[in-house]
Amino acid sequence: MKDQAEKLRAKIELLQNKAKTKTIAVVSGKGGVGKSNFSLNFALGLSSAGSSVLLFDMDIGMGNIDILMGVTPNYTIVDMFESDLKLTDIIEKGTNNLSYIAAGTGLSKIFKLDNNKFELFITQLEEIIEDFEYIIFDMGAGITEESMQFILSVNELFVIATPEPTSITDAYAVMKYIHLKELDMPFYLIVNRTYSEKQALSTSNRLSNAVKQFLNKDVVTLGDLPDDRVVLKAVSHQMPFLLYAPNSDVSRSMLKIVERYTNQNFDEMKSTSSYSFISKLRRYFIK
C-alpha cells in the first residue's frame with residue numbers, strides 16, 4: 001500500500017511539473033513577415049529572463065533558426081527518424097546556450113509517419129517536456145492539413161502580422177480557420193515592421209476588432225516591433241538582433257513584449273493545460 005501511495009504521489013508530482021510547461025505555436029498567414037526572427041528573439045528574451053526554453057523549428061523543408069543564429073546543428077528532427085535517434089540526442093545548444101531543435105529538410109515526413117513511429121516521437125516529447133518552462137514551435141508559413149493538427153494541440157497561438165493589407169487579411173484568415181476548429185485556443189497578436197505607433201495601433205485594432213465582431217473572440221496584442229534596419233544587419237551577421245544591437249528600438253520593443261507576456265494578467269485569456277498538449281497530439285495523429 002505504501003509503495004502504491006508513493007508511486008501515486010510521484011505521478012501526481014510529475015503531472016504538476018508538466019503542467020508548468022507552456023507550448024506555443026508561432027504562425028503567420030503568409031511568409032516573409034519575420035516569424036522565425038520573432039520566434040528566435042522572443043525565445044532568447046524568455047531565456048535571458050531566467051526561463052528554460054526549447055525552440056523547435058517546424059518550418060517544413062525550409063528551417064532557418066540555426067542560420068539566424070549562425071550555428072550548424074549536428075542533427076535535425078529528420079535525423080531522429082532516419083537514424084533512430086532519441087529526441088534528447090537532437091536538442092542542440094545555440095546562441096546564449098538556447099536549446100533548439102533544427103528542422104533540416106524534408107520535415108513533412110514527421111507528419112506522415114506510421115502510428116508506431118509517431119507514438120515514439122510523442123512519448124519522447126512527453127519525457128522531455130517537463131525540462132522546459134516554454135516550448136516554442138516556429139511553424140512554417142501558411143497551414144497544411146497535417147500541421148494544422150499540430151497547431152491545434154498547443155496551449156497558445158502567437159500570430160505575426162505586418163501592416164500590409166495582404167498580411168492583415170491572411171492573419172485574420174488563419175485565426176478564423178483555427179478558431180472554427182478550436183474555440184478555446186488563446187490568440188496573441190504581434191505586429192511586426194511598423195513605422196509608427198499609430199500604424200501599429202491601427203493594424204492591431206483592425207485585426208482584433210474583426211476577430212471580435214465576426215468570431216466573438218478576444219485577441220490580446222502583445223506589442224509591436226518597428227521596421228528597424230538593425231534586423232537586416234543582424235540577419236546578415238547571423239546573430240539575433242537582441243544580441244547584435246541590444247539597445248536598438250527593435251530590441252527594446254521585443255523585451256517589452258517578453259515582459260508583457262510573462263507578467264500577463266489577461267482576464268479574457270485562459271491557456272489550456274499543458275499536459276493536454278500530449279494528449280491532443282495523440283488524439284489527432286494516432287488513429
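# Pockets, cores and salt bridges

The second largest pocket is lined by 13 residues, and those nearest its centre are Glu-197, Asp-224, Pro-226, Ser-253 and Lys-256. Helix H9 (197-215), strand S8 and helix H12 (249-262) each give two or more residues to this lining. H12 gives the most, with five residues. The volume of the second largest pocket is about 340 Å³. A pocket is here an open set of points on a 1 Å grid over the protein atoms alone, where a 1.4 Å probe fits and protein lies on both sides within 12 Å along at least five of seven lines; lining residues have an atom within 4 Å of a point. Grid points are joined across faces, edges and corners, and a volume is the space filled by probe spheres set on the points.

The model is predicted: local features need pLDDT of at least 70 and side-chain atom pairs count only at pLDDT 80 or more, while totals for chains, interfaces and linings use all residues. Residues are numbered from 1 along each chain as its sequence is written, and side-chain values use heavy atoms, with hydrogens and water left out.

## Overall architecture

The protein chain contains 13 helices and eight strands. These are DSSP runs numbered from the N terminus (helices H or I, at least four residues; strands E, at least two). Of the 287 residues of the chain, 51% count as buried. Buried means under 20% relative accessible area, exposed over 50%, and partly exposed in between (1.4 Å probe, protein chains only). Among contacts (heavy atoms within 4.5 Å) between residues at least 6 apart in sequence, 80% join residues at least 24 apart.

## The largest pocket

The largest pocket has a volume of about 490 Å³. Its lining comprises 28 residues, and the closest to the pocket centre are Gly-32, Val-33, Gly-34, Lys-35 and Arg-193. Four elements each supply at least two residues of this lining: helix H2 (35-48), strand S7 (187-194), strand S8 (219-226) and helix H10 (229-236). Strand S8 therefore appears in the linings of both pockets, given that elements are DSSP runs.

## Nonpolar cores

The largest nonpolar core (buried Ala, Val, Leu, Ile, Met, Phe, Trp, Tyr and Cys residues joined through side-chain atoms within 4.5 Å) has 50 residues. Those with the most contacts inside this core are Ile-77, Leu-87, Phe-121, Phe-137, Leu-157, Ile-178 and Phe-277. Helix H8 (residues 165-181) provides the largest share of the core, six residues. When neighbours within four places in sequence are set aside, Ile-178 is in contact with Ile-143, Met-148, Ile-151, Leu-152, Leu-157, Met-185 and Phe-187. A second, separate core has 36 residues, among them Ile-65, Ile-160, Val-230 and Tyr-261. In soluble globular proteins, nonpolar side chains tend to be buried together.

## Salt bridges

Seven salt bridges are found in a search of the whole structure. The criterion is a side-chain nitrogen of Lys or Arg within 4 Å of a carboxyl oxygen of Asp or Glu.

One salt bridge joins Glu-119 and Arg-282, with the closest N and O atoms 3.1 Å apart. This pair links distant parts of the chain, since Glu-119 lies in helix H6 (residues 115-128) and Arg-282 in helix H13 (residues 275-285), 163 residues apart.

Another salt bridge joins Lys-280 and Glu-182, whose closest N and O atoms are 3.6 Å apart. Here too distant parts of the chain are linked: Lys-280 is in helix H13 and Glu-182 is in the loop between H8 and S7, 98 residues apart. Both Lys-280 and Glu-182 are buried.

Arg-252 and Asp-249 form a salt bridge with the closest N and O atoms 2.5 Å apart. Both residues belong to helix H12 and stand three residues apart, about one turn of the helix. Elsewhere, salt bridges that share partners join Glu-119, Glu-126 and Arg-282 into one network.

## Positive phi angles and accessibility

Most residues other than glycine have a negative phi, and most peptide bonds are trans. Asp-84 has a positive phi, near 55°, and lies in the loop between helix H4 (77-82) and helix H5 (87-90). Asn-216, which is not a glycine, has a positive phi of about 55° and is placed in the loop between H9 and S8.

Relative accessible areas of selected residues are as follows.

| Residue | Relative accessible area | Class |
|---|---|---|
| Glu-119 | 26% | partly exposed |
| Arg-282 | 26% | partly exposed |
| Arg-252 | 42% | partly exposed |
| Asp-249 | 45% | partly exposed |
| Asp-84 | 67% | exposed |
| Asn-216 | 62% | exposed |
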